[in-house]
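Okay, everyone, let me put this one up on the screen. Have a look at the picture first, and then I'll talk you through it.

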Amino acid sequence: MSIQTSIAAMSMNMSQANLQSAMNISLMKKTMDQEEANAMQLIESMVAAVPPPSNHIIDVLA
């Protein structure tokens, strides 16, 4: 294999690795955005599930 072929092959491999890395980062960002939305939905549903405080006092020590 000549030096030009080796350089070309290395260039192609580096380009493919860069593209794969960029795709992985993009997928990770999309996943993080989706998980952030899921977490916000969970927090909102938890807040909605808690009843508002009442004006009645319950003696739990009796």
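So, M40, I43 and V47: together these three make a nonpolar patch on the surface, about 290 Å² of it. Keep in mind that this is a predicted model.

Let me stay with V47 for a moment. Where does V47 sit? V47 is in helix α1, which covers residues 3-49. And is V47 buried or exposed? Its relative accessibility is 60%, and the cut-off for exposed is over 50%, so V47 counts as exposed.

Now zoom out to the chain. What do we have for secondary structure? One helix and zero strands. The radius of gyration is 28 Å, while the globule rule gives 11 Å for 62 residues, so the chain is more spread out than a compact globule. You can see that in the C-alpha trace too, which spans about 90 × 20 × 10 Å along its principal axes.

How much of the chain is buried? Buried residues come to 0% of the 62. As for the surface, the accessible area is about 6200 Å², and carbon and sulfur atoms account for 66% of that.

So, back to where we started: the patch to look at on screen is M40, I43 and V47.

How values were computed
Residues are numbered from 1 along each chain as its sequence is written. This is a predicted model: local features need pLDDT of at least 70, side-chain atom pairs count only at pLDDT 80 or more; totals for chains, interfaces and linings use all residues. Side-chain values use heavy atoms; hydrogens and water are left out. Helices (H or I, at least four residues) and strands (E, at least two) are DSSP runs, numbered from the N terminus. The radius of gyration is taken over C-alpha atoms; the globule rule is 2.2 Å times the number of residues to the power 0.38. Buried means under 20% relative accessible area, exposed over 50%, partly exposed in between (1.4 Å probe, protein chains only). Accessible areas come from the Shrake-Rupley method with a 1.4 Å probe; for residues, only the protein chains shown count as cover. Patches are made of residues with over 30% relative accessible area and no salt bridge: like charges are joined within 9 Å, nonpolar side chains (Val, Leu, Ile, Met, Phe, Trp, Tyr) within 5 Å. A salt bridge is a side-chain nitrogen of Lys or Arg within 4 Å of a carboxyl oxygen of Asp or Glu.
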